[in-house]
Amino acid sequence: MSDAALPRAATSRAPVGEALAGLMLTLPAGIAYLVLLLLPTLAAVTLAFTDYELGMPALNWIGLDNFREMLSDRGFAIALRNTVIYVGTVTPLSIGLGLGAALLIEAGTRGRAFFRAVFFLPVVSLTVAMAAAWQYLLHPTIGPLNALLRQVGVTDPPFWLSSSDTVLLSLAAIGVWESLGYNMVLFLAGLSAIPRELYAAAEVDGARSAFDRFRLVTWPLLGPTTLFVVTITLIRSVRVFDTVAVLTQGGPNKASEVLLYTMYREGFTYLRLGYSAAITLVFLAIVLALVWLQTKAMDRKIHYG
Amino acid sequence: MIRTTRRAALAFGASALALPRLALAQQAEITVHYAQPQVYKDSYDAIAAAFAQREPGIRVNFITSPNYEEGTQLVLRQAATGQLPDLSYQGFNRLRVFAERGIAQDLTPMLARDGDPAARGYTPNLLALAHFGGFQSGIAYAASNPISYYNVELLRRVGAPSDPAAFPKTWDEVIALSARIRALGDGVEGMWFQWPGDDWMFSALLFSAGGRMLTEDERDVGFAGPEGLAALRLLQRMVREGGMPNLNATSALQAFAAGKLGMRFGSTAFLRNMITSVGRNFEMQTTLLPVIDPVNGKLPTGGAAGMLTARDAAKREAAFKFLLFSTSPEGTSMMAKNTGYVPVNQIAIDDPQYLGEFYRENPLFRAATLQVDRMIPWYAFPGTNSVRVTQVMVDNMARVVEGRAAPEQVLPEMAAEVRRLLPRRS
């Protein structure tokens with residue numbers, strides 16, 4: 001899009017051969033985009049309006065029936081609600097704690113590399129493998145967490161992942177643990193870009209307390225970083241799947257059923273690819289809406305330092 | 001998980017490319033698919049080695065899927081792209097999906113060619129295990145049934161006899177024993193019944209009360225009566241009176257292996273895994289599963305059956321030979337020794353020359369074989385919601401286990417939900 005800024009004459013004078021060469025050079029990427037991204041997406045959109053089932057010889061065009069079914073599907077409604085609760089818990093917590101950790105590390109004098117590594121570790125570890133570790137930590141009878149709780153006098157510690165009261169909470173805690181480090185690193189990068197002089201200037205102007213300096217300098221200047229972190233965390237947490245698939249399979253009684261897991265189960269366990277594609281479309285719409293809202297609503301209020 | 005299937009698909013494509021050359025060498029080459037290599041690999045390898053000696057003209061290539069579910073997906077995908085294997089071993093309750101989609105072939109004519117199948121060990125009962133969609137859609141390869149596992153040391157500590165023969169025969173006694181074990185404290189739990197996962201263990205309770213999933217004509221639910229209520233009430237009592245903790249399958253296995261769970265009720269298919277994970281921590285024993293109705297009570301059969309999918313006549317013959325060998329007295333003995341499953345050929349079951357010595361040396365494997373008479377097919381629901389129905393049952397059992405609703409309330413609601421998922425008929 002940047003070529004719009006170029007003088008008109010320059011583009012029109014460019015030889016045809018050069019344009020062709022440019023086209024040829026973008027062709028591999030273009031084909032990859034078409035074959036790997038655009039066509040599958042279009043296929044999913046088409047499937048969403050059919051009753052296609054894996055292995056069935058024929059499919060029928062059923063219009064909006066899949067979406068109509070979704071409205072009356074208890075499982076889908078629960079999955080949507082659970083996803084909203086999950087995102088609503090994980091996003092603010094992991095951003096708040098990530099920012100807190102970044103500020104503490106930035107302000108600290110010793111062991112900065114160590115703490116950075118410790119908080120970043122979950123990001124580089126494999127979720128599925130870590131889920132197994134969480135399974136053990138949160139084990140109701142032989143897990144260390146409940147052993148600790150019993151030590152301090154809790155007689156009936158919660159059953160975490162296998163009780164419908166606590167399962168979503170437990171998954172959200174794992175989600176926070178997973179994305180905290182990522183957010184922290186992004187905030188650290190944002191913090192290091194803030195010029196030191198501004199703090200000195202603020203102090204001269206009467207911002208005595210650390211909180212004032214945070215409110216007047218750090219927070220506004222972190223604006224672009226925060227916007228990015230909020231968007232990326234929202235999208236990452238809407239996508240929650242691995243921990244659910246490994247730890248709870250949506251149970252008990254759909255208490256941890258989330259959008260992507262429902263999509264997977266409808267498509268690959270129940271083999272109803274048409275319905276699954278319809279759920280995918282809803283998911284796609286949610287993600288696009290999130291991105292659009294973020295940029296629209298927040299772009300104007302951000303100070304680009 | 002995706003990687004394995006993809007690799008399998010690639011391997012399949014590669015072997016398809018190599019086919020024309022091998023055909024020149026006057027050899028039949030077949031592709032055989034099975035799921036759960038961690039459970040079955042040793043058994044298939046042993047059978048393939050013996051088969052290679054008997055039929056040197058047939059080359060067998062294996063492709064695998066990590067579990068039954070992905071195995072079903074793989075073969076359905078390949079059916080859509082015309083790359084089916086020649087023979088595929090699928091979980092019993094998935095066979096109906098293939099039968100109703102026209103992928104599995106009817107084996108009756110091929111079985112009848114060499115005379116009465118029963119004379120070769122394929123008795124009507126055993127054939128019924130893989131009779132889905134209205135025809136003989138497969139032949140059973142491995143069968144399992146639910147059994148009782150228990151921790152001998154925990155039973156001794158509460159003064160209960162440790163001998164399998166003296167283990168409780170009724171659920172009343174089991175529940176009372178569970179409460180006593182739980183009273184030991186220190187995080188020790190009494191019992192766990194493997195209700196999550198699928199409908200299999202619910203059908204274990206239901207069938208053992210003499211009930212059935214659907215009516216004979218498959219038009220309406222059959223579990224909404226007294227048998228279904230007895231099953232759900234029993235589940236409730238396990239929690240309320242027996243103190244059964246609300247664990248998922250993995251947590252329960254871990255608790256049992258750590259010596260913190262007295263009794264575990266689940267499939268014999270896990271036996272090898274259980275023996276490995278218990279190790280030398282404590283002495284484990286296995287025995288029959290208590291049944292609600294000792295006279296008419298039945299138990300569901302888990303496991304896998306081979307279904308013929310080859311379209312080419314020569315390959316179909318070769319694949320059928322392998323299927324027959326893998327389920328012959330010799331083949332099924334190799335299967336039983338290398339897994340925890342029950343043999344599925346009547347000759348191997350009756351004639352001690354095949355497995356007599358093995359069961360003498362490995363008494364833990366005997367529990368499942370002692371209740372073979374009770375085994376009936378794992379019920380697979382008709383129509384496109386076949387697999388979905390099973391989740392409805394698990395979700396409703398969760399309501400009972402968590403004490404959210406009484407069995408009297410859950411049963412009619414569960415029946416209504418299942419009814420909605422049955423195929424509509426005019």
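Tutor: An axis here is a line fitted to C-alpha atoms, for helices over the stretch in contact, and angles run from 0 to 180 degrees between N-to-C directions. Helices (H or I, at least four residues) and strands (E, at least two) are DSSP runs, numbered from the N terminus. The model is predicted: local features need pLDDT of at least 70, side-chain atom pairs count only at pLDDT 80 or more, and totals for chains, interfaces and linings use all residues. Residues are numbered from 1 along each chain as its sequence is written, with chains lettered from A and ligands numbered from 1 in the order in which they are written.

Student: Why is α4(A) called oblique to α8(A)?

Tutor: The axes of α4 (residues 74-107) and α8 (residues 167-192) of chain A come within 6 Å and cross at roughly 40 degrees. Angles under 35 degrees count as roughly parallel, over 145 as roughly antiparallel, 65 to 115 as roughly perpendicular, and the rest as oblique. Roughly 40 degrees falls in the rest, so α4(A) is oblique to α8(A).

Student: Which hand does the crossing of α4(A) and α8(A) have?

Tutor: Right-handed. A crossing is left-handed if the near helix is turned anticlockwise from the far one by less than a right angle, and right-handed if clockwise.

Student: What classes of residue make the contact of α4(A) with α8(A)?

Tutor: It has 19 nonpolar, seven polar and one charged residues. Ala, Val, Leu, Ile, Met, Phe, Trp, Tyr, Cys and Pro count as nonpolar, Asp, Glu, Lys and Arg as charged, and the others, Gly among them, as polar.

Student: What makes α9(A) and α10(A) oblique?

Tutor: Helix α9 (residues 196-204) and helix α10 (residues 210-221) of chain A pack at about 135 degrees, axes 10 Å apart. That angle fits none of the three named bands, so the pair is oblique. Their crossing is right-handed.

Student: Which residues meet between α9(A) and α10(A)?

Tutor: A:Leu198, A:Tyr199 and A:Ala202 meet A:Arg213, A:Leu216 and A:Val217. Two residues are in contact if their C-beta atoms, placed from the backbone, lie within 7 Å. By class there are five nonpolar, no polar and one charged.

Student: How do you know that α2(B) is oblique to α13(B)?

Tutor: α2 (residues 37-54) and α13 (residues 313-326) of chain B pack at about 120 degrees, with axes 10 Å apart. The angle is outside the named bands, and therefore oblique. This crossing is right-handed too. B:Ile47, B:Phe51 and B:Arg54 in α2(B) meet B:Phe322, B:Phe325 and B:Ser326 in α13(B). Four are nonpolar, one polar and one charged.

Student: Why is A:Val128 called partly exposed?

Tutor: A residue is buried if 20 or more other C-beta atoms lie within 10 Å of its own, exposed if 12 or fewer, and partly exposed in between. A:Val128 has 13, so it counts as partly exposed. It sits in helix α6 (residues 127-137) of chain A. Beyond its neighbours within four places in sequence, A:Val128 contacts A:Asp242 and A:Val246.

Student: And what makes B:Val239 partly exposed?

Tutor: B:Val239 has 18 C-beta neighbours inside 10 Å, so it falls in the in-between class. B:Val239 lies in α10 (residues 226-240) of chain B. It touches B:Met244, B:Val401 and B:Gly403, not counting residues up to four places away in sequence. Its C-alpha is 8.9 Å from that of B:Val400, 161 residues apart along the chain.

Student: How do you know that chain B is as compact as a globular protein of its length?

Tutor: The radius of gyration is taken over C-alpha atoms, and the globule rule is 2.2 Å times the number of residues to the power 0.38. Chain B has 22 Å, close to the 22 Å the rule gives for 426 residues, so it is as compact as a globular protein of that length. In chain B, 51% of residues count as buried. Its elements are 19 helices and twelve strands.

Student: What does the globule rule show for chain A?

Tutor: Chain A has 25 Å, whereas a compact globule of 305 residues would have near 19 Å. Its C-alpha atoms fill a box of roughly 80 × 75 × 30 Å along the principal axes. Buried residues make up 32% of chain A. Chain A has 14 helices and zero strands.

Student: Where does chain B touch chain A?

Tutor: α3 (68-81), α11 (249-257) and α18 (386-401) of chain B each give two or more residues. In total, 28 residues of chain B contact 22 residues of chain A. The largest share of the chain B side, six residues, comes from α3(B). That side divides into eleven nonpolar, eight polar and nine charged residues.
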